[in-house]
Amino acid sequence: MYFMFGRPVKLLHNPTDGTFLDIMECMMETGLLRHCFTRPRDFLKDVLGKEMKKDDYKKIVLVAHSQGTIITGNVIADFNDIVDGTTKFNEEDRAVLKNNMSKMEVYMVASAAHYVSGKHVSHLECLSNRGDFVAFFGHLFPKILKPFWLNTRRAGIHYEDCNDHVEKSAWGHLLDLHYLTPIEKGSFPGSKLATSYLLRKPKDESATETSKLLS
């Protein structure tokens with residue numbers, strides 16, 4: 001991603017605990033328990049929370065994939081609660097968090113999340129391949145059925161203030177093979193991630209072409 005987007009990347013990796021435990025984590029994070037906090041969710045909230053207390057960012061870009069979208073969706077929801085005043089928080093830190101949320105862009109790739117709200121972030125996108133079976137259980141779940149699968153807030157699958165981008169003829173779930181590589185080749189043409197941030201390959205070795213946001 002560093003070479004694709006030409007920016008420093010801070011990676012938070014959620015290693016597998018095996019198929020059974022991974023599925024249990026997903027179930028817990030998508031609706032099995034309202035106030036259930038798994039280790040990956042705690043970790044992201046702690047790391048991102050510390051960054052969000054800083055007041056020197058011009059922009060914060062968060063990219064999440066697969067189970068990471070579930071974790072991210074819930075952490076962003078927790079931050080929304082703080083900004084809205086429904087969660088107790090130091091008022092000075094709340095003001096800094098609100099300011100940084102307004103600078104945040106979130107990109108959910110192959111989203112399996114059941115609660116996604118971009119009401120306080122500056123930009124939110126969901127990118128999925130139509131043939132991605134994992135995204136089917138979140139972002140691409142049939143709209144008519146979404147109200148009946150309760151999320152962590154005891155409501156149906158909820159996507160709010162989200163820009164949807166779906167490659168209708170594409171399949172696969174792997175981040176590199178089925179998403180990043182196709183993006184380099186022109187997939188998801190309406191996505192800001194794919195158009196504003198992607199470093200274009202130079203026409204010759206002496207040239208370097210970047211987007212306006214990276215120049």
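These legends describe close-up views of a predicted model of one protein.

**View 1. The whole protein, from end to end.**
The protein has eight helices and six strands. Along the sequence, these elements follow the pattern α-α-α-β-α-α-β-β-β-α-β-β-α-α. Of the 215 residues, 45% count as buried. Take the contacts between residues at least 6 apart in sequence: 65% of them join residues at least 24 apart.

**View 2. The largest nonpolar core.**
This core holds 26 residues. Which of them touch the most other members? They are Leu48, Met52, Ile76, Phe79, Met101, Met104 and Met108. Several elements each supply at least two residues of this core. The helices are helix 3 (39–52), helix 4 (67–84) and helix 5 (91–101). The strands are strand 1 (60–65), strand 2 (104–109) and strand 4 (123–131). Helix 4 gives the largest share, six residues. Another core lies apart from this one. That other core has 14 residues, among them Met4, Phe5, Tyr107 and Tyr197.

**View 3. Ile76 and its contacts.**
Ile76 belongs to the largest nonpolar core and is among the residues that touch the most other members. What does Ile76 contact, leaving aside its neighbours within four places in sequence? Its partners are Leu62, Met101, Met104, Val106, Ser117 and Val121. Two of these partners, Met101 and Met104, are also listed among the core residues that touch the most other members. Ile76 also helps to line the largest cavity, shown in the next view.

**View 4. The largest cavity.**
Rolling a probe the size of a water molecule over the atoms shows where empty space is left. How many cavities of 30 Å³ or more does a search of the whole structure find? The search finds one. The largest cavity contains about 40 Å³ of space. Its lining is made up of Gly73, Ile76, Val106, Met108, Val116, Ser117, Gly118, Val121 and Leu124. Helix 4, strand 2 and strand 3 (115–117) are the elements that give two or more residues to this lining. By class, six lining residues are nonpolar and three are polar. No charged residue lines the largest cavity.

**View 5. The second largest pocket.**
This pocket has a volume of about 190 Å³. Its lining includes Arg130, His139, Leu140, Phe141 and Pro142. Lys143, Lys146, Tyr159, Asp164 and Val166 line the pocket too. How many of the lining residues are charged? Four are charged, five are nonpolar and one is polar.

**View 6. Helix 5 and its two sides.**
The buried residues of helix 5 are Arg94, Val96, Leu97, Asn100 and Met101. Why do they line one face of the helix? Seen down the axis of helix 5, the buried residues fall within an arc of 165 degrees, so they share one face. These buried residues pack against helix 3, strand 1, helix 4 and strand 2. On the other side of helix 5, Glu91, Glu92 and Lys98 are exposed.

**View 7. Thr87 in the loop before helix 5.**
Thr87 sits in the loop between helix 4 and helix 5. Its relative accessible area is 31%, so Thr87 counts as partly exposed. Leaving aside neighbours within four places in sequence, Thr87 contacts Asp81, Ile82 and Arg94. Arg94 is one of the buried residues of helix 5.

**View 8. Helix 7 and what covers it.**
Helix 7 spans residues 175–184. Its buried residues are His178, Tyr179, Leu180, Pro182 and Ile183. Seen down the axis of helix 7, they lie within an arc of 165 degrees, so they line one face of the helix. What covers these buried residues? The cover includes helix 1 (2–5), strand 2, strand 4, strand 6 (163–171) and helix 8. The face turned away from the buried side carries the exposed residues Asp176 and Leu177. Gly186 follows helix 7, and its phi is positive, near 110 degrees.

**View 9. Thr195 and Ile183.**
Thr195 is in helix 8 (residues 192–195). Is Thr195 buried or partly exposed? Its relative accessibility is 35%, so Thr195 counts as partly exposed. Ile183, in contrast, is a buried residue of helix 7. Thr195 and Ile183 are 12 residues apart in sequence. In space, they are 9.0 Å apart, C-alpha to C-alpha.

Note on methods: Residues numbered from 1 in each chain as written. Predicted model: local features only at pLDDT ≥ 70, side-chain atom pairs only at ≥ 80, totals over all residues. Heavy atoms only, no water. 1 Å grid on protein atoms, 1.4 Å probe; cavity = no way out; pocket = protein on both sides within 12 Å on 5 of 7 lines; lining within 4 Å. Points joined across faces, edges and corners; volume = space filled by probe spheres on them. Nonpolar A, V, L, I, M, F, W, Y, C, P; charged D, E, K, R; others polar. Core = buried A, V, L, I, M, F, W, Y, C linked by side-chain atoms within 4.5 Å. Buried < 20%, exposed > 50% of the residue type's maximum accessible area, 1.4 Å probe, protein only. Helix = DSSP H or I, 4+ residues; strand = E, 2+ residues; numbered from the N terminus. Contact = heavy atoms within 4.5 Å. Arc of directions from axis to C-beta.
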